[in-house]
Amino acid sequence: MATGARWGMTVPFYDRTLAGSRELVAELPGLGYTDVWSAEVNGVDGFVPLALAAEWAPGLRLGSAIVPVSTRGPGLLAMSAATLADLAPGRFVLGVGASSPAIVERWNAGEFVRPFARTRDTLRFLRRALAGEKVTEKYETFEVKGFRLERAPEVPPKIVLAALRPRMLRLAAAEADGAITNWLSPQDVRKVRAELTPETELIARLFVCVSEDAERVRELGRRMLAAYLTVPVYAAFHEWLGRGEVLRPMHEAWAAGDRQAALKAIPDEVVDALVVHGDAATCRARIREYVDSGLDTPVLAPIPGGEVPIAQAVRELAPAAG
C-alpha cells in the first residue's frame with residue numbers, strides 16, 4: 001500500500017502488557033510501519049513505552065499522543081522530552097495537549113485552567129528549554145525562573161499539539177511542527193486540514209476493529225464514543241464538525257444520567273464514520289481514505305472484540321499487507 005504517508009501504531013497494545021509487547025513492536029518496521037505513538041490517560045504513561053520501543057525497534061519514529069501540559073511542571077516535562085530525544089536522536093516527536101478536566105483535576109489534583117493559553121505557554125517554554133536556553137520568563141499561565149536543562153538534546157524534538165478546533169489548530173500551524181487529532185472521519189479530515197498550512201503535519205489516531213460483525217463492532221464503538229464525545233472538548237469538536245444535532249439525544253440522555261439511553265442514541269452512521277471496521281482489506285481501504293483526504297500520519301489503534309486477534313490485526317493492517 002504505497003500511500004506516501006507515514007503509518008503509525010499505538011503502543012502498548014490493548015490485549016497485552018507493555019512488557020509483553022516487545023516482540024510485536026520489534027516486528028513493526030518489517031511490516032512497513034514507520035511510527036509508534038503512546039497515549040497517557042489512566043494506563044501507561046506517555047514516555048516509558050517510547051523509551052522501550054527506541055530499543056526494541058530502532059528504526060521507528062516515536063511520538064507521544066499526548067502528554068498533558070498540566071499534569072507535570074514545565075521543567076519536568078522538558079526533562080522527560082530531553083531524555084527521549086537523547087535515546088532516539090531525530091526520531092522522537094513530543095506531542096502535548098490540554099487534556100481534560102477529569103484527567104488533570106479529578107485524577108491528578110491539578111488545575112484545568114485556560115487550557116489554550118497553558119498549552120501555548122508550555123509550547124513556547126519547551127522550544128527554548130529543549131534548545132538548551134536558560135529560561136527565566138513570566139508566561140500568562142505560569143512563571144519559570146532560571147531553568148536550564150543539564151543536558152540539552154543534540155537534536156531537539158519536534159513538538160506537535162493536540163488540536164480539535166480552529167484556534168488550537170492555527171496555533172499548531174503557526175508555532176508547532178504538527179497537529180494531533182482524534183475521533184474523526186475521512187470527510188472531517190478535510191475540514192481540519194483547511195485550518196492548517198500545507199507543510200503542517202496532521203496526525204490522527206484511528207480506532208480499528210478487524211471484524212465483519214458490524215453489530216458487535218457498533219456495540220463496542222458506542223461505548224467508546226459515549227466515553228469520549230460527552231467530554232466537553234470532544235462535544236465542542238463534533239459540534240464544529242457538524243454533528244451537534246445528531247448527537248444531541250446522546251448528550252441529553254447522558255446529562256440525565258441514563259447511560260443506556262445515551263448509548264442507544266448514537267446512530268449507526270456515526271459509529272461507522274468514526275470507527276474503522278470490516279475485514280482487513282476494507283479497513284486498509286478506509287485508512288487510505290483518511291490519507292487521501294489530507295491525513296499525513298494515521299496512527300492505528302486496533303481494538304479487541306472482533307474475531308481477529310490483535311497481533312493478527314496489526315500484521316494484516318500493515319502497509320506491507322496490501
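The following legends describe close-up views of a predicted model.

**Figure 1. Overall view of the predicted chain.**
The chain contains 14 helices and 12 strands. Its radius of gyration is 19 Å, close to the 20 Å that the globule rule gives for 322 residues, so the chain is as compact as a globular protein of that length. Along the principal axes, the C-alpha atoms occupy a box of roughly 55 × 45 × 35 Å. Buried residues make up 56% of the 322 residues. Among contacts with a separation of 6 or more, 70% join residues 24 or more positions apart. The exposed area of the chain is about 13,800 Å², of which carbon and sulfur atoms supply 50%.

**Figure 2. The span annotated in UniProt as "domain: Luciferase-like".**
The annotation comes from an unreviewed UniProt entry and covers residues 18-296. In the model, this span is 49% helix and 17% strand, and its end C-alpha atoms lie 27 Å apart.

**Figure 3. The two sides of helix 1, residues 22-31.**
Leu-24, Val-25, Leu-28 and Leu-31 are the buried residues of this helix. They lie on the same side of helix 1 because they cover an arc of only 110 degrees around the axis. Arg-22, Glu-23 and Gly-30 are exposed on the face turned away from that buried side. The packing partners of the buried residues are strand 1 (8-10), strand 2 (35-38), helix 2 (48-56) and helix 14 (310-316). Gly-32 follows the helix and has a positive phi, near 105 degrees.

**Figure 4. Nonpolar cores and the surroundings of Tyr-33.**
The largest nonpolar core has 103 residues, and Tyr-33 and Phe-125 are those with the most contacts inside it. Strand 10 (residues 201-210) supplies the largest share of this core, 7 residues. A second, separate core of 8 residues includes Ala-65, Val-160, Ile-180 and Val-299. In soluble globular proteins, nonpolar side chains tend to be buried together. Beyond its neighbours within four places in sequence, Tyr-33 is in contact with Trp-7, Gly-8, Met-9, Leu-28, Leu-60, Leu-300, Val-314, Leu-317, Ala-318 and Pro-319. One of these partners, Leu-28, is also among the buried residues of helix 1.

**Figure 5. Ala-78 within helix 3 (residues 74-87).**
Ala-78 is buried, with a relative accessible area of 0%. Not counting residues up to four places away in sequence, Ala-78 touches Phe-125, Leu-126, Ala-129, Leu-130, Phe-147 and Leu-149. Among these partners is Phe-125, one of the residues with the most contacts inside the largest nonpolar core. Ala-78 and Arg-148 are 70 residues apart along the chain, and their C-alpha atoms are separated by 9.5 Å.

**Figure 6. Val-276 within strand 11 (residues 276-278).**
Val-276 has a relative accessible area of 1% and is buried. Residues up to four places away in sequence aside, Val-276 touches Phe-207, Val-208, Cys-209, Cys-283, Arg-286, Ile-287 and Tyr-290. The C-alpha atoms of Val-276 and Leu-52 are separated by 28 Å, with these positions 224 residues apart along the chain counted as their separation.

**Figure 7. Two cis peptide bonds, at Val-11 to Pro-12 and at Ala-65 to Ile-66.**
The bond from Val-11 to Pro-12 is cis, with omega near -10 degrees. Pro-12 is placed in the loop between strand 1 and helix 1. The bond joining Ala-65 and Ile-66 is likewise cis, and its omega is about 0 degrees. Ile-66 belongs to the loop between strand 3 (61-64) and strand 4 (67-68). Its partner in this bond, Ala-65, is included in the second nonpolar core.

**Figure 8. Positive phi at Ser-99 and Trp-183.**
Ser-99 is a residue other than glycine with a positive phi, near 70 degrees. Ser-99 sits in the loop between strand 5 (92-97) and helix 4 (101-106). With a relative accessible area of 18%, Ser-99 counts as buried because the cut-off is under 20%. Trp-183, also not a glycine, has a positive phi near 55 degrees. Trp-183 is found in the loop between strand 9 (178-182) and helix 7 (186-193). At 1% relative accessibility, Trp-183 is buried.

Note on methods:
Residues are numbered from 1 along each chain as its sequence is written. This is a predicted model: local features need pLDDT of at least 70, side-chain atom pairs count only at pLDDT 80 or more; totals for chains, interfaces and linings use all residues. Side-chain values use heavy atoms; hydrogens and water are left out. Buried means under 20% relative accessible area, exposed over 50%, partly exposed in between (1.4 Å probe, protein chains only). Helices (H or I, at least four residues) and strands (E, at least two) are DSSP runs, numbered from the N terminus. The arc is that of the directions from the helix axis to the C-beta atoms. Contact means heavy atoms within 4.5 Å. A nonpolar core is a set of buried Ala, Val, Leu, Ile, Met, Phe, Trp, Tyr and Cys residues joined through side-chain atoms within 4.5 Å. The radius of gyration is taken over C-alpha atoms; the globule rule is 2.2 Å times the number of residues to the power 0.38. Accessible areas come from the Shrake-Rupley method with a 1.4 Å probe; for residues, only the protein chains shown count as cover. UniProt positions are given in the numbering used here, feature names are shortened, and annotations may be inferred rather than shown by experiment.
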